[in-house]
Each structure stands twice: as structure tokens, then as C-alpha cells.
Amino acid sequence: MTRGERLNQPVRAVVAVVEVLVAAGLVWLAFQMWPQAIAMIFDKADDGTVLISSRYFGNWAAGAIGVGTIAALLVVDAIRQLVLAMRARPKRNEPKPEPLADDLAQVQA
């Protein structure tokens, strides 16, 4: 089996579809994780002023960013798999073209 025959495999399209579905699930997970990274803290001062603070949890934010990055890599690989699945195979038993007389003269010189 030559290198060109190994690359062109229609089953790669199935792999690409699975990767896109997994990437969609990871994007959904990232959107679920991101709100967990931010906590709003409301505090009322003695004079009646309401103080609003935000607390960020790095583990949730990093997890959401990491999951989103993995999803992006899966989409890129799914595109690669689709291109490899649709690539045309080289024609078999195709005769090689004869070299032209000018090409032979250049090679011999």
C-alpha cells in the first residue's frame, strides 16, 4: 500500500463527524464552566452604600479556556480528516509521459 492510498480513506469522514460532535459537546461544557468562574459579592456599608465585588476562580476559568481550546483543535483536525477523506486517488496504470527531446538534451548536457 503506497502513501497516497493510505491517506485516502472514506472512513476518515466518520472520524471527522465524531470529532465535530465531541467538539460541540466541549463547547457546551465550556459555556457551562465559565459562569462558575465568577462570583459576585454584594456588601452593604454602614452608610447604606452597596459595594459590589467580583471574585474570579482561576480553576474554572482555566478549565473553560482549556476545554474550548481542545474543541478548537478537534475542529481543525476534523477539517483535515475531511480533506483527506475526499482527496482524489491517483489514477492507476496511467502510462508515464515520454520525455521531450529538449528535456533529454538538457539532462545529457
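**A walk through a predicted model**

Counting salt bridges in this structure gives a total of one. Keep in mind as we go that this is a predicted model. That salt bridge pairs R80 with D77, and their closest N and O atoms sit 2.9 Å apart. Where are R80 and D77? Both are in helix α3, three residues apart, which is about one turn of the helix. R80 has a relative accessible area of 41%, so it counts as partly exposed.

Let's stay in helix α3, which covers residues 58-86, and look at Q81. Is Q81 buried or exposed? Its relative accessible area is 9%, and because buried means under 20%, Q81 is buried. What does the side chain of Q81 make a polar contact with? The partner is the side chain of R12, at 3.0 Å. Leaving aside residues up to four places away in sequence, Q81 touches R12, V15, A16 and E19.

Those numbers take us over to helix α2, made of residues 11-33. This helix has 23 residues and stretches 33 Å from its first C-alpha to its last, close to the 33 Å you'd expect at 1.5 Å a residue. Which residues of α2 are buried? They are R12, A16, E19, A23, L26, A30 and M33. Notice that R12, A16 and E19 are also among the residues that Q81 touches.

Another residue to find in helix α2 is G25. With 35% relative accessibility, G25 counts as partly exposed, because that class runs between 20% and 50%. Now try spotting V67 as well: G25 and V67 are 42 residues apart in sequence, yet their C-alpha atoms are 9.8 Å apart in space.

Finally, have a look at the surface. A nonpolar patch there has an area of about 880 Å², and the residues behind it are W34, I38, M40, F42, V50, I52, Y56 and I65. Which elements give two or more residues to this patch? They are the strands β1 (38-44) and β2 (50-56). Take M40 as one of the patch residues. You'll find M40 in strand β1. Its relative accessibility is 47%, so M40 counts as partly exposed. How can a partly exposed residue belong to a surface patch, and what cut-off applies? Patch residues need over 30% relative accessible area, and M40, at 47%, is therefore accessible enough to be included.

Note on methods: Residues numbered from 1 in each chain as written. Predicted model: local features only at pLDDT ≥ 70, side-chain atom pairs only at ≥ 80, totals over all residues. Heavy atoms only, no water. Helix = DSSP H or I, 4+ residues; strand = E, 2+ residues; numbered from the N terminus. Buried < 20%, exposed > 50% of the residue type's maximum accessible area, 1.4 Å probe, protein only. Polar contact = N/O pair within 3.5 Å; in protein donor to acceptor, adjacent residues only side chain to side chain. Contact = heavy atoms within 4.5 Å. Patch = residues over 30% accessible without salt bridge, like charges linked within 9 Å, V, L, I, M, F, W, Y side chains within 5 Å. Areas by Shrake-Rupley, 256 points an atom, 1.4 Å probe, with all protein chains shown as cover. Salt bridge = Lys/Arg side-chain N within 4 Å of Asp/Glu carboxyl O. Expected span 1.5 Å × (residues − 1).
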